[in-house]
Structure formats: C-alpha cells, structure tokens
Amino acid sequence: MKDLMLLKGPMQLKCSFPRPGWRSATVLAAALAMGHSAVAEETLALRLSWGHQSPTPRTFHVRLATNNVAVSQWRGESLEPGDTLADGVCQSRAGADDVDALVANVSWAKPTKPPLKPQSIWQHLLDHGEPGQVARLKDDPGLQPDAPVLTVVTDA
C-alpha cells in the first residue's frame with residue numbers, strides 16, 4: 001500500500017493507495033481539501049471521485065478514516081443501481097466513461113496544542129531555507145500534535 005500525504009495549513013490529508021492505479025481516484029479530493037479559513041472551527045466541501053482513467057468498469061471500495069475530523073452530509077454522486085453508500089463506505093462500479101463520486105462536508109477544530117520541536121534537519125532548513133520554504137515548513141501539520149487528519153482508504 002502506498003500513501004500520498006498532502007499538507008496545507010492545519011489540515012493534513014493522507015490518501016492510502018493499495019495499488020499505484022488508485023492515485024488518480026483520490027487526487028481530485030486532495031486538491032479540493034487544500035483550503036482552510038482562520039476561524040476556530042474550519043470546514044471544507046470535499047468531493048472524491050474515481051473511475052476517470054479505468055478503461056473498463058471495475059469495483060471500487062472507498063471510505064474515510066479520521067482522527068478529530070467530523071464528516072457530515074455524505075452523499076453519492078453519479079452512483080448507479082447496485083452501487084452502495086452505507087456506514088461510511090461506498091462500493092461502486094466505475095470506469096469506461098463512468099465516474100462515481102462521494103460528496104461530504106468536513107469540519108475540524110483549529111489545533112490548539114503548541115507545535116512540536118522540529119527534528120534537527122528541519123531546524124536547519126528553518127534556519128537557513130528560502131523564505132517560501134521556511135513558511136511552508138512552519139505551517140506543516142506534522143509539527144502540530146493535534147492536527148486533523150483525513151485518510152482516504154481505498155481497496156479494489
């Protein structure tokens with residue numbers, strides 16, 4: 001299983017892929033999950049779609065795993081009869097010009113714990129890096145012990 005970690009601000013989105021072909025199924029959701037606001041509770045609209053590059057229809061199983069992230073208003077989009085969305089798991093057949101999707105609202109409390117001390121290599125980069133690099137590293141949720149994590153779990 002391969003993982004793709006996408007980081008921006010206080011939100012961390014981790015996509016788990018059992019096979020390399022699954023990457024395209026979750027990158028769209030990751031791109032939508034990169035925004036955040038500066039309020040105590042932050043929210044985003046999430047759309048996760050799959051089947052874009054599958055030449056033939058195949059079965060997809062998709063679920064979200066979270067730590068302190070609330071997922072609400074789940075609904076399927078472009079699901080056909082026989083596709084299911086129950087107990088936070090979507091099972092569908094997609095591919096060959098059939099794209100299925102999950103749409104949900106995601107919210108989390110803004111992290112409040114103090115950041116962790118950076119590892120020595122990161123500290124060197126913080127001390128000697130380019131301004132943009134330093135800003136990204138300071139904003140990395142890996143240093144925030146209570147950062148919200150949303151993991152997209154897929155299985156064929």
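**Figure 1. Here's the whole protein chain, with about 8600 Å² of accessible surface.** Carbon and sulfur atoms own 54% of that surface; areas come from the Shrake-Rupley method with a 1.4 Å probe, and for residues only the protein chains shown count as cover. Keep in mind that this is a predicted model: local features need pLDDT of at least 70, side-chain atom pairs count only at pLDDT 80 or more, and totals for chains, interfaces and linings use all residues. Residues are numbered from 1 along each chain as its sequence is written, and side-chain values use heavy atoms, with hydrogens and water left out. Of the 156 residues in the chain, 37% are buried, where buried means under 20% relative accessible area, exposed means over 50%, and partly exposed is in between (1.4 Å probe, protein chains only). You'll find three helices and nine strands, running β-β-α-β-β-β-β-β-β-α-α-β along the sequence. Both kinds of element are DSSP runs numbered from the N terminus: helices are H or I with at least four residues, strands are E with at least two. Take the contacts between residues at least 6 apart in sequence: 70% of them join residues at least 24 apart, a contact being heavy atoms within 4.5 Å.

**Figure 2. Three strands line up as an open sheet in the order 3-8-5.** The pairing here is antiparallel, and two strands count as paired if DSSP finds at least two bridges between them. Strand 3 (41-50) and strand 5 (69-77) sit at the edges with a single partner strand each, so one side of each has no neighbour in the sheet. From one strand to the next, the twist averages 15°; axes are lines fitted to C-alpha atoms, with angles between N-to-C directions running from 0 to 180 degrees. Zoom in on strands 5 and 8 and you can follow seven bridges between them. A70 is a handy landmark, standing opposite S107 in strand 8. As a reminder, strands of a sheet pair through backbone hydrogen bonds, either parallel or antiparallel.

**Figure 3. Salt bridges tie R47, R75 and E77 into one network.** The structure has two salt bridges, each meaning a side-chain nitrogen of Lys or Arg within 4 Å of a carboxyl oxygen of Asp or Glu. One of them pairs R47 with E77, with 2.7 Å between the closest N and O atoms. That pair links distant parts of the chain, with R47 in strand 3, E77 in strand 5, and their positions 30 residues apart. R75 also reaches E77, at 3.6 Å from N to O. How accessible are the three partners? R47 is partly exposed at 27% relative accessible area, E77 is partly exposed at 22%, and R75 is partly exposed at 43%.

**Figure 4. P114 sits in the loop between strand 8 (100-109) and helix 2 (120-128).** Is P114 buried or exposed? With 62% relative accessibility, P114 counts as exposed. Skip its neighbours within four places in sequence, and P114 is in contact with Q144 and P145. P114 and Q144 are 30 residues apart in sequence, yet their C-alpha atoms are 7.0 Å apart in space.

**Figure 5. S54 is tucked into the loop between strand 3 and strand 4 (58-66).** S54 counts as buried, at 13% relative accessibility. Leaving out neighbours within four places in sequence, look for its contacts with F60, A94, G95 and A96.
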